[in-house]
Amino acid sequence: MTAVESRPPGGGTAHALKAMGELGANSTSSIRGQRPFGARVKAFVALTKPRIIELLLITTVPVMFLAEQGVPDLWLVLATCIGGYLSAGGANALNMYIDRDIDALMERTSQRPLVTGMVTPREGLVFGITLAVVSTAWFGVLVNWLSAWLSLGALLFYVVVYTMILKRRTAQNIVWGGIAGCMPVLIGWSAVTDSMSWAAMILFLVIFFWTPPHYWPLSMKVKDDYARVGVPMLPVIASNRVVARQIVLYSWVMVAVSLLLTPLGYTGWFYTTVALVTGGWWLWEAHALQNRAKSGVTGAKLKEMRLFHWSITYVSLLFVAVAVDPFLR
C-alpha cells in the first residue's frame with residue numbers, strides 16, 4: 001500500500017470560508033426566524049448522522065456475543081448501544097461544526113443543519129460537547145471505565161486527528177482517520193470483558209483495512225465535490241487506475257485478516273464460511289472495478305458505487321456471522 005502525495009492545503013478552505021461569508025447573510029438569516037420545533041428536533045438528530053451510527057452499532061453488538069461466547073446481558077447491550085450512539089453522535093456533530101464551511105459548497109452536504117441555518121454553529125458546538133461528556137459518563141457509570149476511555153478516545157481521534165488535522169492535508173486522511181471507526185469493536189469487547197484480546201484486535205484490523213476500500217469508491221463518485229473545496233481525497237489527486245489499485249490491495253489484506261480468527265481458535269466453521277464467501281465476492285467486485293479503471297472507463301460505466309454498496313452488506317454479514325458462530329461450535 002503506497003502513500004500518495006497530497007496537494008497543499010488551504011486554497012479550498014479559504015475559498016469555502018469566503019463563500020460561507022457570502023452565504024451567511026442570505027440563507028442563515030432567512031431561516032433563523034422560521035424554525036418550527038419538529039424541524040429543529042430532526043435537525044439535531046441529523047447532526048448525529050444516524051445512518052453512519054447504525055453501521056457502527058453493527059460492529060459493536062456482534063463482538064459482544066463473541067466475547068461472551070453466547071448471549072450477553074441484554075441490559076449491558078442496551079447500555080453499550082446508547083452510549084455508543086451518544087458518543088458517535090457527539091463526534092459527528094462536532095465534525096459538522098468544524099466542516100460547515102466546506103459542507104456549504106459540496107452538493108452531498110449542502111442540506112446539513114449547520115449549513116441551512118436550522119441549527120446555529122454555537123448550538124451545534126454545545127450539542128456536540130454535551131453528547132461527548134454525557135456519553136463518557138454514561139459508559140463509565142453503566143458499562144465500565146475502559147469502555148468509557150475507548151469511547152472518548154474514538155471521539156477525540158475523529159474530531160481532532162481526522163477532521164482538524166488529516167482531512168484537509170493528506171490523501172491518506174481516510175486511512176488513518178478510519179481508526180476512529182474501528183473503536184466500536186474494542187468497545188463492544190471491553191463492555192463484556194473489561195479487557196482486550198487478540199480477537200478484538202483482529203476485528204479492529206478488519207475494519208481498519210475495510211474503511212479505505214469502502215469509502216474510496218464513494219469518493220470517486222463525488223470527487224468533484226471534494227476538489228471544489230480543496231479536500232485531497234485520494235480520487236481527487238490520483239487517477240481512477242491508482243485508486244482502484246489501492247482498493248484491491250487493501251481488500252486483499254482485509255480478507256486475509258478476517259480469516260485469522262479461526263486458526264487462532266476464536267471462531268468455527270460458520271464464520272469461516274461466511275468470511276470466505278463474502279470476502280471472495282468483495283475481491284471479485286474490487287478486481288472488476290480495477291479492470292474497468294484500467295480500461296479507461298469513466299462516468300456511470302465505472303460503476304464504483306457497486307463496491308461501496310456491497311461493502312456495507314459485506315461488513316453486516318461478516319459481523320452477523322461473528323455473533324452467530326458461538327452458537328454453532
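A nonpolar patch of about 680 Å² lies on the surface of this predicted model, and the residues that make the patch are Val71, Leu74, Trp269, Val320, Val324, Phe327 and Leu328. Of these contributors, Val71 can be placed in the loop that runs between helix 3 (50-68) and helix 4 (74-98).

From that loop the path leads on to helix 4 and its packing against another helix. Two packed helices are described by the angle between their axes and the distance between the axes. For helix 4 and helix 8, the latter formed by residues 145-166, the angle is about 15 degrees and the axes are 9 Å apart. Because angles under 35 degrees count as roughly parallel, helix 4 and helix 8 are roughly parallel to each other, and the crossing in which helix 4 passes helix 8 is right-handed.

Two further loops deserve attention for their backbone geometry. In the loop between helix 2 (37-47) and helix 3 sits Lys49, a residue other than glycine whose phi is nevertheless positive, near 55 degrees. Lys49 has a relative accessibility of 11%, and it therefore counts as buried, the cut-off for that class being under 20% relative accessible area.

Asp194, which is likewise not a glycine, has a positive phi of about 55 degrees, and its place is in the loop between helix 10 (179-193) and helix 11 (198-221). Is Asp194 buried or exposed, or does it fall in between? With 45% relative accessibility Asp194 counts as partly exposed, because that class covers the range between the buried limit of under 20% and the exposed limit of over 50%.

Key:
Residues are numbered from 1 along each chain as its sequence is written. This is a predicted model: local features need pLDDT of at least 70, side-chain atom pairs count only at pLDDT 80 or more; totals for chains, interfaces and linings use all residues. Side-chain values use heavy atoms; hydrogens and water are left out. Patches are made of residues with over 30% relative accessible area and no salt bridge: like charges are joined within 9 Å, nonpolar side chains (Val, Leu, Ile, Met, Phe, Trp, Tyr) within 5 Å. Accessible areas come from the Shrake-Rupley method with a 1.4 Å probe; for residues, only the protein chains shown count as cover. A salt bridge is a side-chain nitrogen of Lys or Arg within 4 Å of a carboxyl oxygen of Asp or Glu. Helices (H or I, at least four residues) and strands (E, at least two) are DSSP runs, numbered from the N terminus. Buried means under 20% relative accessible area, exposed over 50%, partly exposed in between (1.4 Å probe, protein chains only). Axes are lines fitted to C-alpha atoms, for helices over the stretch in contact, and angles run from 0 to 180 degrees between N-to-C directions. Angles under 35 degrees count as roughly parallel, over 145 as roughly antiparallel, 65 to 115 as roughly perpendicular and the rest as oblique. A crossing is left-handed if the near helix is turned anticlockwise from the far one by less than a right angle, and right-handed if clockwise.
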